[in-house]
Amino acid sequence: MLGFPDSLSLRPGAARPVQRLALPLAALLAAALAWSMPENGLLWDALNRALPSPPDGRVLVVGIDDATLRDYGRIGSWPRELYAQALNTLEQAGVAAIGVDVLLADPARNDAALAAVFSRPNVVLATAPGEPTALRPDWRSPTGISALNLSDDGIVRFFQAAYPDGASTLAPSFARQLAVAAGRSVPLDPQPRVLRYSAPDPQRLPVVPFRDVVNGSIRYGDFQNRVVLVGLIASGVGAPAVRDVSGQVVAGVELQARAVSSLLSAPFISLPLWTVMLAGVLAAVAAVLAGGVWGFAIALLALALAVPYWLLNSLLPGVTLSLCAVLGTGLVMLERWWILRRSGVRDPLTGFGNRLAFTRAVESRWQGRQSRPLGLLLVDLSGFRKVNSVYGYAAGDELLRELAGRIMQHKRRGDLIFRWGPDEFAVLLDNTASAELADLTRRVQLSLDTVAYRDLSLQASVGGASTGPDINTPSDLIEAASRSRYRIKYQRQQWRV
């Protein structure tokens, strides 16, 4: 569209008019972006690796390792009283809670003899997803689902305190039950929680072999008030080994120990979705208002803020906020491209198209002149240069804006107005026959007859022409309108004499 609205063309220096559209558009797109991607898994992976939590000294793993299997054979063929011996030893050592991360659903001999051991409130038994929570009627210890949230790439990043069990019920997880047995209040919440990464600590007690616990070859002081997990860590026997965020293969029981540590520590807090959306909108709007490359600085700041939030146990979606800021910067770049694109065909003073825009408009509409006749008005202002010389160029600009405003009052839908020269305007009329052209020329002339500037006399001349049998090219149309204008100017000069 080469004609511009009155509010745009008559107000000089209206800064960045596209910004009025860019700001609400940036806010809308940023809100949609924040709503659609509130999770920042890759960012939290990086923070988890870069800022690992120290291993929780209260959590200890008793591992069923290769040496234990050599002593006792395949785990499924063990006499189950070995568990009773191990748990009794741990009980004597004064542990706070014991988690048996070994699936015991298959019936075996001496199961009844384990009733006393597996009915203690501080002992938690692992169950598989979908398995009945009551392994045996006479085993009354709490049970929990031993599950890990495995991503598509085979990495465990999250865990849950509860998992859906049927249509409307929730089954507690193994880690949650163990944390509760240790005295921590953890609600049944199915929301995924970040699994804290713990780097190996040489000062920490290593994994204790299961056979040493069975034999009683342990220091009781190392186990007092600890939360102990018993599980398989042997290699090559189908142990549930997966990868953590560092990419290392880790036994499932060790990841369960990290989940328990995460529940015993202060939990990570996820910001409410409405807060993330509001922050995203502010980042995008700030980028638009700042302009230039400052939006990228805002994007980097959003990423950097994720670090202190992480240290305060809050999950700030820095990637989402950074993308919102980049989105705002993209709109700024689009705005500037639009302005540069328009600057070649737009008169900055009046907002009308220039002579190049007129040429393009005529070429675009010329082929349809048979069904929609084209009309052309040419307007010039005699005395304009005298206004510039006497009162300055600012006065001349003011006069041209007034003249443009008066012409704009007669613009119809489909008409386009152009600044033809320093003191000349052209109006390309859409679907205008000869009779309508004469009436429109007369009305424009009458509205310009009263144009004046202080004590200087001015004279506007309006000439018009429309396409017809004798008009074969755009140059013919321009020439006909020019002759009409000069004829009007000559007649008015003769009349004044």
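Two residues are in contact when heavy atoms of each come within 4.5 Å of one another. By that yardstick, residues 24 or more positions apart account for 74% of the contacts in the protein with a separation of 6 or more. The model behind these numbers is a predicted one, and everything below is read from it.

As for the overall make-up, the protein has 497 residues, and buried residues make up 47% of them. Its secondary structure comes to 16 helices and 19 strands. About 24,400 Å² of the protein is exposed, and 57% of that is supplied by carbon and sulfur atoms.

A good place to start looking around is R157. This arginine sits in strand 6, which runs over residues 156–159. With a relative accessible area of 12%, R157 falls under the 20% cut-off and therefore counts as buried. Leaving aside residues up to four places away in sequence, R157 touches D45, N149, S151, R193, V194, L195 and V245. One of these neighbours, D45, is also joined to R157 by a polar contact of 2.4 Å between the side chains. The side chain of R157 meets that of D153 as well, in a salt bridge with an N to O distance of 2.8 Å. D153 itself is partly exposed, at a relative accessible area of 37%. Put together, D45, D153 and R157 are linked in a network of salt bridges, with the buried R157 as one of its members.

Salt bridges turn up elsewhere too: the structure holds 18 of them. One is formed by the side chains of R120 and E91, at 3.7 Å from N to O. R120 belongs to the loop between strand 2 (97–101) and strand 3 (123–127), while E91 is part of helix 5 (residues 81–93), so this pair ties together parts that are 29 residues apart in sequence. The two partners also sit in different accessibility classes. R120 has 18% relative accessibility and so counts as buried, whereas E91, at 33%, is partly exposed.

A further salt bridge joins R412 and D415, whose closest N and O atoms are 2.8 Å apart. Here the arginine is the partly exposed partner, with a relative accessible area of 22%. D415, on the other hand, is buried, with a relative accessibility of 0%.

Next come the aromatic side chains. A pair of aromatic rings is described by the distance of the centres and the angle of the planes. Seven aromatic pairs are found in the structure. Among them, F118 and W139 meet edge-to-face, with 4.9 Å from centre to centre and 80 degrees between the planes. F118 comes from the loop between strand 2 and strand 3, and W139 from the loop between strand 3 and strand 4 (143–145), so the pair ties together parts that are 21 residues apart in sequence. F118 is buried at 0% relative accessibility, and W139 is buried too, with a relative accessible area of 5%.

The rings of F268 and W310 give another example: their centres are 4.4 Å apart and their planes are at 40 degrees, so this pair is tilted. F268 lies in the loop between helix 8 (252–264) and strand 14 (269–270), and W310 lies in helix 10 (residues 294–311), so parts that are 42 residues apart in sequence are tied together by the pair. Both F268 and W310 are buried. Aromatic residues also gather in a group of three, with F358, F418 and W420 forming one cluster.

Last, a look at the outside. W274, L278 and L282 make up a nonpolar patch on the surface, and together the three have about 370 Å² of accessible area. L282 belongs to helix 9, which covers residues 273–290. At 55% relative accessibility, L282 is over the 50% cut-off and therefore counts as exposed.

How values were computed:
Residues numbered from 1 in each chain as written. Predicted model: local features only at pLDDT ≥ 70, side-chain atom pairs only at ≥ 80, totals over all residues. Heavy atoms only, no water. Helix = DSSP H or I, 4+ residues; strand = E, 2+ residues; numbered from the N terminus. Buried < 20%, exposed > 50% of the residue type's maximum accessible area, 1.4 Å probe, protein only. Polar contact = N/O pair within 3.5 Å; in protein donor to acceptor, adjacent residues only side chain to side chain. Patch = residues over 30% accessible without salt bridge, like charges linked within 9 Å, V, L, I, M, F, W, Y side chains within 5 Å. Areas by Shrake-Rupley, 256 points an atom, 1.4 Å probe, with all protein chains shown as cover. Salt bridge = Lys/Arg side-chain N within 4 Å of Asp/Glu carboxyl O. Phe/Tyr/Trp six-rings, centres within 6.5 Å; stacked < 30°, edge-to-face > 60°.
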